[in-house]
Amino acid sequence: MNVLKIEELYKVHSGNVLVSALNGISFDLQSEERVGIMGPSGSGKTTLLNIVSTIDEPTSGQVIITGNDTGRIPFHERSLIRRKLGFVFQNFNLLDNLTVRENITLPLVMNSFKANEITVRLEKVADQLNMKSILDKYVFELSGGQAQRVAIARAIIHTPFLILADEPTGNLDSKTSRDVMELLCNVQETEKSAMLLVTHDPVIASYCHRVIFLKDGKIVNEIHQGENRQTFFQRIIDLLSLLEGDLR
Ligand SMILES: Nc1ncnc2c1ncn2[C@@H]1O[C@H](COP(=O)(O)OP(=O)(O)OP(=O)(O)O)[C@@H](O)[C@H]1O
Ligand SMILES: [Mg+2]
């Protein structure tokens, strides 16, 4: 199933200076597919994710999520689309003074899910992400890796079609990054959702089936994982150094 279709997306940010952040981006994402977005700082990665998540609007072009053209949906109906999405951010975006349990279930409580449905879903994600023992802790008591697992649990508890992650391991050490990424991939595979993941880390990108490279708001390359993750990792590194002009 085609989960996401992006067509000729352009974005000009209007501040003091006009910035063309996206200059004609088109690609598709199928269910169960994991696609990485890489590229130098300022290449438009976060702008792209914010537009897909309907937090921001494109200047022109289309974002079609599970067949719905987001540009044609009235503002008050955007929440229906957002319910199909799960967000994971670099800084976790958790509420410090709530417990882990409260943070994870907040989206369900706000969407008026029934109490027993909430309990069943919480049990399931806590199991998948191996976090039953921390459910009653407060967020400020958690390690970075634990906090990111909570953020992932919150992003997937409503079984989204599409997980959007912007530097989900950006604040973690490399071992914890890999652990968190493996959990995220496991959940995504089990739930058969699609994932669009922005990362600067070639190791994290090598977990994707496909990596799209942006430069100056354009797609400049796209590579597929194929058989071997180690070879894929090396190809990612080679392309990144080319892109960043680092040819020492
Ligand atoms: N709200 C905004 N207003 C004005 N300009 C913006 C805004 N957001 C981003 N930009 C500009 O758009 C361009 C793309 O920014 P974006 O945040 O998408 O890059 P990025 O690829 O995510 O970079 P990074 O790797 O540093 O996170 C940059 O030149 C940035 O300065
Ligand atoms: Mg960014």
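Biologist: Two strands pair if DSSP finds at least two bridges between them, strands being DSSP runs of E with at least two residues and helices runs of H or I with at least four, numbered from the N terminus. Over how many bridges do E7 and E8 pair?

Modeller: Before I count, note that this is a predicted model, with local features needing pLDDT of at least 70, side-chain atom pairs pLDDT 80 or more, and totals for chains, interfaces and linings using all residues. Residues are numbered from 1 along each chain, chains are lettered from A and ligands numbered from 1 as written, and side-chain values use heavy atoms without hydrogens or water. Strand E7 spans residues 162-166 and strand E8 residues 194-198, and Asp166 has Val198 as its bridge partner in E8. The two strands run parallel, and the bridges between them number five.

Biologist: Nice. What is the strand order of the six-stranded open sheet?

Modeller: Start at the rims: strand E6 (85-89) and strand E10 (218-224) are the edge strands, each pairing on one side only. Neighbouring strands here are turned by 15° against each other on average, ignoring direction. The pairing is mixed, and the order reads E6-E7-E8-E3-E9-E10.

Biologist: At about what angle does helix H8 run to E9?

Modeller: Helix H8 covers residues 229-243 and lies across E3, E9 and E10. Angles here run from 0 to 180 degrees between N-to-C directions of axes, lines fitted to C-alpha atoms, for helices over the stretch in contact (heavy atoms within 4.5 Å). For H8 and E9, that angle is about 5°.

Biologist: Let's turn to the four-stranded sheet. Why do E2 and E5 each have one side left without a neighbour?

Modeller: This open sheet has antiparallel pairing in the order E2-E1-E4-E5. E2 and strand E5 (68-69) stand at its edges, so each is left with a single partner strand.

Biologist: Which residue of E4 is the bridge partner of Ile6?

Modeller: Strand E1 (residues 2-14) pairs antiparallel with E2 over 10 bridges, and Ile6 has Phe27 as its bridge partner in E2. E1 also runs antiparallel to E4, joined by five bridges. In E4, the bridge partner of Ile6 is Val63.

Biologist: Which residue in the turn between E4 and E5 has a positive phi?

Modeller: E4 and E5 are antiparallel over two bridges, and Ile64 has Asp69 as its bridge partner in E5. They form a hairpin with two residues between the strands. The positive phi, about 40°, belongs to Thr66.

Biologist: Which helix gives the most to the shell around ligand 1?

Modeller: The residues around ligand 1 (those with a heavy atom within 4 Å of it) include Val19, Ala21, Lys45, Thr46 and Thr47. Strand E2 (18-30) and helix H1 (45-52) each supply at least two residues of that shell. H1 also packs on the six-stranded sheet, touching strand E3 (34-38), E6, E7, E8 and strand E9 (210-215), and it lies across E1, E2 and strand E4 (60-65). The most, three residues, comes from H1.

Biologist: How far is the side chain of Thr47 from an oxygen atom of ligand 1?

Modeller: Here I look at polar contacts, pairs of N or O atoms within 3.5 Å. A polar side-chain atom of His13 lies 3.4 Å from a nitrogen atom of ligand 1, and a backbone N or O atom of Ser43 lies 3.2 Å from an oxygen atom of the ligand. For a side-chain N or O atom of Thr47 and a ligand oxygen, the distance is 2.5 Å.

Notes: Polar contact = N/O pair within 3.5 Å; in protein donor to acceptor, adjacent residues only side chain to side chain.
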